[in-house]
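I opened my notebook today to look up a few spots in a structure, one entry at a time. Come along and check each one with me.

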Amino acid sequence: MANIQTLIEEMKTGKHDADLLELYVDESVIERQKARYVLALETFKDHFGDKEVRVYSAPGRSEVGGNHTDHQRGRVLAAGVNLDTIAVVAKRDDDVIVVDSEGFNIKPVNAAILDINEKEAGTSEAIIRGVAAGIKNKGGIIGGFEAYMTSDVLEGAGLSSSAAFETLLGTILSHEYNEGSISAVDIAKIGQYAENEYFMKPCGLMDQMASSVGSFITIDFKDPKNPIVEKVDFDFDSSNHSLCIVDTKGSHADLTDEYASVPADMKKVANYFGKDVLREVDPNEFYANVGDIRNAIGDRPVLRAYHFFGDNDRVVDEVAALKANDFETFKNLVKASGGSSFKYLQNVYSNKNINEQNISTGLAMSEYLLQGKGVCRVHGGGFAGTIQAFVPNEMLTAYKQGIEAVFGEGSCYVLKVRPFGGYKVFA
């Protein structure tokens with residue numbers, strides 16, 4: 001815990017530059033982060049007064065492998081990135097949690113009252129109350145705090161700003177009241193609990209887990225109540241590549257039925273075998289019966305099941321490649337996953353408007369610019385939104401200029417995989 005003015009002076013004089021570089025993994029962003037932290041500290045002081053504070057951070061995440069596999073209890077590979085939500089925090093003497101978040105009007109939440117409130121569904125207050133309840137349910141201690149939060153996790157870019165918010169709340173309560181004893185895995189599960197039960201939105205665990213654990217992580221959802229989570233130790237910075245997320249400016253409006261059709265089609269194939277999800281189906285039985293399945297329920301469900309079985313296995317191979325420090329094999333697997341999403345999963349554009357194919361155009365332009373030296377794929381749910389590219393650093397400037405010539409200045413976000421999840425900064 002430190003005095004605000006002391007932290008501001010230390011930031012300005014560069015005392016914490018090494019700490020920030022370790023967290024954000026990119027020397028080019030350090031000056032911007034310093035200014036951001038100073039502004040956050042000054043804003044907290046303006047809103048809450050000059051107090052002893054701590055600073056916390058939680059990252060956004062990027063899905064890397066296992067496109068649309070989690071809802072079928074499959075495997076995924078994800079990574080925490082160096083865009084984050086940060087919070088300047090002071091502990092209170094009561095049970096009231098006061099969050100002042102840039103761009104949001106969040107009411108104070110009394111953590112002594114943890115009953116689910118249907119009127120709060122869909123609000124930040126519901127998430128705060130749900131995280132507090134989740135910690136208490138696991139035997140943790142909860143209490144009040146004041147926080148000023150600011151985020152550079154991009155909304156609508158598939159980086160999961162909501163998971164970063166949930167992780168940040170759990171990390172704060174873990175350190176402020178539980179001596180940091182609540183594990184990253186438990187914080188992720190608590191975030192999912194808050195979103196499912198209090199925010200009242202069904203969601204998987206991938207987003208929260210990637211934000212809470214950080215770095216590369218792989219999750220096997222075969223047993224959804226006890227998913228197997230493994231942190232993959234790989235120094236992404238040593239690969240001499242950057243992770244780019246490109247906003248192709250496509251609209252998500254009127255695409256709800258497209259997203260819903262993916263699990264629905266996969267479920268049709270699972271039901272053909274008397275199962276609930278594809279993970280319960282023997283792939284060999286599926287391949288042996290493709291002719292009968294397509295005659296019974298059509299070709300698209302068959303193709304989407306084909307994608308699931310392929311991408312579910314690819315996650316295992318991607319993890320093995322990272323562990324072996326074989327980044328070229330990893331890139332080839334990412335490319336194969338993207339190709340499978342395009343050809344078989346068919347979530348790259350909507351048939352409602354075949355003249356609007358932003359993601360397809362982004363992938364085509366990326367392949368042209370990368371000349372076989374980098375790889376690209378659809379990012380997240382698909383149909384509109386963002387693509388992901390692993391770009392050799394020596395090609396980064398040319399790639400960014402070329403892709404932004406198509407989608408506009410600022411559409412390409414250059415990221416790094418950060419080694420930490422929920423984090424107490426300057427510990």
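Before the first entry, I noted that helices and strands here are DSSP runs, numbered from the N terminus. I also wrote at the top of the page that this is a predicted model.

**Entry 1: a histidine in a loop**

Where is histidine 379 found? I traced it to the loop between strand E10 (375-378) and strand E11 (386-392). Next I asked myself whether histidine 379 is buried or exposed. Its relative accessible area is 3%, and since buried means under 20%, histidine 379 is buried.

Then I looked up the partners of its side chain. One polar contact, of 3.0 Å, runs to the side chain of serine 62. Another, of 3.1 Å, joins the side chain of histidine 379 to that of threonine 386.

**Entry 2: following threonine 386 to a strand**

Threonine 386 led me onward, as it lies in E11 and stands opposite aspartate 247. I found that E9 and E11 pair in the antiparallel sense over 7 bridges. E9 also pairs with strand E12 (residues 412-415), again in the antiparallel sense, over 4 bridges. In that pairing, isoleucine 245 stands opposite tyrosine 413 in E12.

How many of the 7 residues of strand E9 are buried? I got 6, so E9 (residues 241-247) is largely enclosed by the rest of the structure.

**Entry 3: checking the cysteines**

I reminded myself that a disulfide is a covalent bond between the sulfur atoms of two cysteines. The cut-off I used is 2.5 Å between the sulfurs. Why does cysteine 244 have no such bond? The closest cysteine sulfur, in cysteine 412, is 4.0 Å from its own, which is too far for a bond. Cysteine 244 is buried, at 0% relative accessibility.

Cysteine 376 came next. Its closest cysteine sulfur is in cysteine 244, but that is 11 Å from its own, so it is too far for a bond. Cysteine 376 is buried as well, with a relative accessible area of 9%. My disulfide count came to 0.

**Entry 4: a glutamate in a helix**

Last, I looked up glutamate 404, whose place is in helix H14 (residues 396-407). At 14% relative accessibility, glutamate 404 counts as buried.

Which backbone nitrogens lie by polar atoms of its side chain? I noted that of glycine 410, at 3.1 Å, and that of cysteine 412, at 3.2 Å. Leaving aside neighbours within four places in sequence, I listed its contacts as Glu409, Gly410, Ser411 and Cys412.

Notes: Residues numbered from 1 in each chain as written. Predicted model: local features only at pLDDT ≥ 70, side-chain atom pairs only at ≥ 80, totals over all residues. Heavy atoms only, no water. Helix = DSSP H or I, 4+ residues; strand = E, 2+ residues; numbered from the N terminus. Buried < 20%, exposed > 50% of the residue type's maximum accessible area, 1.4 Å probe, protein only. Polar contact = N/O pair within 3.5 Å; in protein donor to acceptor, adjacent residues only side chain to side chain. Pairing = 2+ DSSP bridges. Contact = heavy atoms within 4.5 Å.
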